[in-house]
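Thanks for sharing this one; here are a few points to read alongside the coordinates. I have kept them short and grouped them by region.

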Amino acid sequence: RESDHRAWTPVSYTVTRQNATVQGLIQGKAYFFRIAAENIIGMGPFTETTKEILIRDPITVPDRPEDLEVKAVTKNSVTLTWNPPKYNGGSDITMYVLESRLIGKDKFHKVTKEKMLDRKFTVEGLKEGDTYEYRVSACNIVGQGKPSFCTKPITCKDEIAPPTLDLDFRDKLIVRVGEAFSLTGRYSGKPAPKVTWLKDDIVVKEDDRIKIKTTPTTLCLGILKSVREDTGKYCVTVENSTGSRKGFCQVNVVDRPSPPVGPVIFNEVYKDHMVVSWKPPLDDGGSEITNYIIEKKDTHKDLWMPVTSATVKTTCKIPKLLEGREYQIRIYAENLYGISDPLISDEMKAKDRFRVPDAPEQPIIKDVTKDSAVVVWNKPYDGGKPITNYIVEKKETMATRWVRVTKDPIFPGTKFKVPDLLEGCQYEFRVSAENEIGVGDPSPPSKPIFARDPIAKPSPPVNPEAVDKTKNSVDLSWQPPRHDGNGKIIGYLIEYQKVGDEEWKQANLTADSCPETKYKVTGLTEGLIYKFRVKAVNAAGESDPAHVPDPVEIKDRLEPPELILDANMAREQHVKAGDTLRLSAVIKGVPFPKVTWKKEDHEVSPKADIEITGVGSKLEIRNTVHEDGGIYSLTVENPAGSKTVSVKVVVLDKPGPPRNLKISDVRSDSCYLTWMEPEDDGGSVITNYVVERKDVASAQWVAVSSSSKKRSHMAKYLIEGTQYLFRVAAENQYGRGPYVETLKPIKAIDPLHPPGPPKNLHHVDVDKTEVSLAWNRPDRDGGAEITGYLVEYQEDGAEEWTKFQTVPMLDCVVTGL
């Protein structure tokens, strides 16, 4: 029954043992129990427990703690952690007992005397290099429980692990001004690394905006309400004794730019526009300036008018101004993150400061030629801005359009040579000056000029001389003047004077009757002496005369023959057979010499064409053959003497036939051919020989070799017993010459030799006047069947052998002895 109730509740009616388990009790309540014995007669009296029993679990010592782990080891300390026991024995844990044992010793010793309830403890004051193992026990009200399982032996030494770094941020970070940003990551290492934050190589320090938080495994740099000055290269360094790791991030805190830098400069001011410039902002806000916004304002009005918002240059043209009004200019800089405060200019009045240059004065034209002229002018007023270029124009006098003479700038000179004029055309020229404002008015046109070379009288002819004479004429020759006066030489005037006279007579009346640099003066008197002179004439007039140096006596001239060889007689001539041979020479001599051609001191072949003119001679042979080669000589002869020249002519042709073809060393399948080179190689080196053979029963020649450079050849692959003819021809670069052929065929058989001696000669029988002999066949038959055996005998003491007879068999009876 429950202690506070009076009614008893049966537990079991059939218990035969002396114990029973009572179930269904409520924990925390107190109960009384009673027991009675029973037999077949009936139930005896109850026995009752003396005091109430409180229902609760029995209390024991705690189980062993779990998961004892070593968290850190240094050279003089060990840090351990563990978990509580699975069962505390029915009573709360009151403390833990941590024990250690030095390896090599038997007993465990308590690590600390203090009461310890934390499940983490660092054992300090250890000796470096010692090795320990640890265990821990839990205590409750009953007492100390079983110790945990021991740790592995732990040696006191610094644990080493190089730092690692795992960052949550990228290489670059863009942040708007006023926003917060943080750089975070994780790290590890043994011993615990030191974490350092740098910005642009300077250590970052905490303040109201900058916060640094570092845990044993995480790191963080946070910045509140960022400003432009927070832009920079951030670096986090994680370092311990084993090394270091670094992480970088380029943080760009961006904002709208600062205003453009003034003052606004008015580079150019005109009545209707201005050109202004300024300097870029000192701070572009961390982002490239994308454009400038320019506005203008008439100072009489309060309205700002847009000019442009699309310029990226720091200069701008302000158009559409009213002359005489004053204006202000306002300039903003813009980037991706906004527009700056404005830069405002001073007031500026719209009026012309500068103008284009004045027109130059009328230019002067000098040094005119057939295709060029030099234009010269004076520098005009430059309009307040320096002249940067002159523009020279030309036009034909009858035309209306002016054309620039060059696209290239003409500066700083005030003269220009105009090229590419058309000869004979009349031109005018004008000049304009240009400065940065523009091009000024052109000058008045120059005086017209014709494009042609200026003409002066020519200089005298050069080196006049009498080159020939007869009994009534003189041939004069000279060279053109050194200077033609820039005019075409029309011709020459020739004059002569009898020695002793004062008057010069004209040999020709007009210059155009003698356009060449030679003239034959006729109608002179034989035996008299004359002087001669020549003048050159162009459109400007006659030149000064040039005199023939010496007076000339009029009579027939006697000059020995002279030969001037053409190239085809200057050295040995090579002509390909079938081509045409040409030999020629220029012949001089007074009177003209007699001409004779010979070959090898004999008359030239009738097929040769010989031509003789007043100045030379030519020999020509068409379709040359090899026999046309040889030494050709040309003889010229007149009363003053004679001259002979000769030239060797080689007609290049196919070579002649080889000589002395012989066949030797005939075998059943080969023979050896030899020959000598042809007497005539055709004028060219023999390159190879062609060898052919022919079966006498066949009409066809078969090539044996076509590339042999030697004068011999081994003809192989003959058929035994067949009769062959052979022939050989020589080849050079002009072709193949005629063949030389063997006179009679050869038969392809091995050569015959005498047979060997018969063997084993012996007598079979002997009589008083005869001897029977026998022998064996010789070892070799010499290449042919043995037809018989010659038997001879010799009387003892004699020198001569006497023939008996020739027998076909291997025995013989010698009689008549």
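1. Let me start with β57 and β58. In this predicted model, strand β57 (residues 659-664) pairs with β58 in the antiparallel sense, over four bridges. One position to look at is S664, which stands opposite Y672 in β58. The two strands form a hairpin with six residues between them. In that turn, D665 has a positive phi of about 55 degrees.

2. Strand β58 also pairs with β61. Four bridges join β58 to β61 (residues 712-715), and this pair too is antiparallel. Here C671 has A715 of β61 as its bridge partner.

3. Which residues of β58 make up the covered face? They are C671, L673 and W675, while Y672, T674 and M676 make up the uncovered one. The general background is familiar: in a regular strand, side chains alternate between the two faces of the sheet. Put together with the pairing, C671, which is bridged to A715, belongs to the covered face, and Y672, which sits opposite S664, belongs to the uncovered one.

4. Elsewhere, three strands form an open antiparallel sheet in the order β31-β32-β35. Its edge strands are β31 (364-366) and β35 (415-418), each of which pairs on one side only. Neighbouring strands in this sheet are turned by 25 degrees against each other on average, with direction ignored. Three bridges join β31 to β32 (residues 373-376), and K366 stands opposite V374 in β32.

5. Now to the charged pairs. How many salt bridges does the structure hold? The count is 29. One of them is formed by D168 and R186, whose closest N and O atoms are 2.9 Å apart. This pair links distant parts of the chain, 18 residues apart: D168 is in the loop between β13 (161-167) and β14 (172-176), and R186 is in strand β15 (residues 181-190). D168 is partly exposed, with a relative accessible area of 46%, and R186 is partly exposed as well, at 37%.

6. Another salt bridge worth a look joins the side chains of E295 and R330, at 2.7 Å from N to O. E295 lies in strand β24 (residues 291-298) and R330 in strand β27 (residues 326-335), so the pair ties together parts that are 35 residues apart in sequence. Are these two side chains buried or exposed? E295 is buried because its relative accessible area is 15%, under the 20% cut-off. R330 counts as buried too, at 16% relative accessibility.

7. There is also a network of salt bridges that links E495, R533, K535 and E542. Within this group, E542 forms a salt bridge with K535, the closest N and O atoms being 3.4 Å apart. The two partners fall into separate accessibility classes: E542 is partly exposed, with a relative accessible area of 37%, whereas K535 is buried, at 13%.

8. On the surface, I59, V61, I141 and V142 make a nonpolar patch of about 340 Å². Where does I59 lie? It is in the loop between β4 (53-54) and β5 (66-73). Why can I59 count towards such a patch? Its relative accessible area is 38%, so I59 is partly exposed and passes the requirement of over 30% for patch residues.

9. Finally, the annotated domains. UniProt, in an unreviewed entry, places "domain: Ig-like" at residues 163-252 and 561-646. The span 163-252 is 0% helix and 64% strand, with its end C-alpha atoms 28 Å apart. For residues 561-646 the values are 5% helix and 60% strand, and the end C-alpha atoms are 15 Å apart.

10. The same kind of record, again unreviewed, lists "domain: Fibronectin type-III" at several spans, including 64-159, 359-454, 657-751 and 757-817. Residues 64-159 are 0% helix and 45% strand, with end C-alpha atoms 29 Å apart. Residues 757-817 are 0% helix and 48% strand, and there the end C-alpha atoms lie 24 Å apart.

Methods. Residues numbered from 1 in each chain as written. Predicted model: local features only at pLDDT ≥ 70, side-chain atom pairs only at ≥ 80, totals over all residues. Heavy atoms only, no water. UniProt positions renumbered as here; feature names shortened; annotations may be inferred. Pairing = 2+ DSSP bridges. Axes fitted to C-alpha atoms, helices over the stretch in contact; angles between N-to-C directions. Patch = residues over 30% accessible without salt bridge, like charges linked within 9 Å, V, L, I, M, F, W, Y side chains within 5 Å. Areas by Shrake-Rupley, 256 points an atom, 1.4 Å probe, with all protein chains shown as cover. Salt bridge = Lys/Arg side-chain N within 4 Å of Asp/Glu carboxyl O. Buried < 20%, exposed > 50% of the residue type's maximum accessible area, 1.4 Å probe, protein only.
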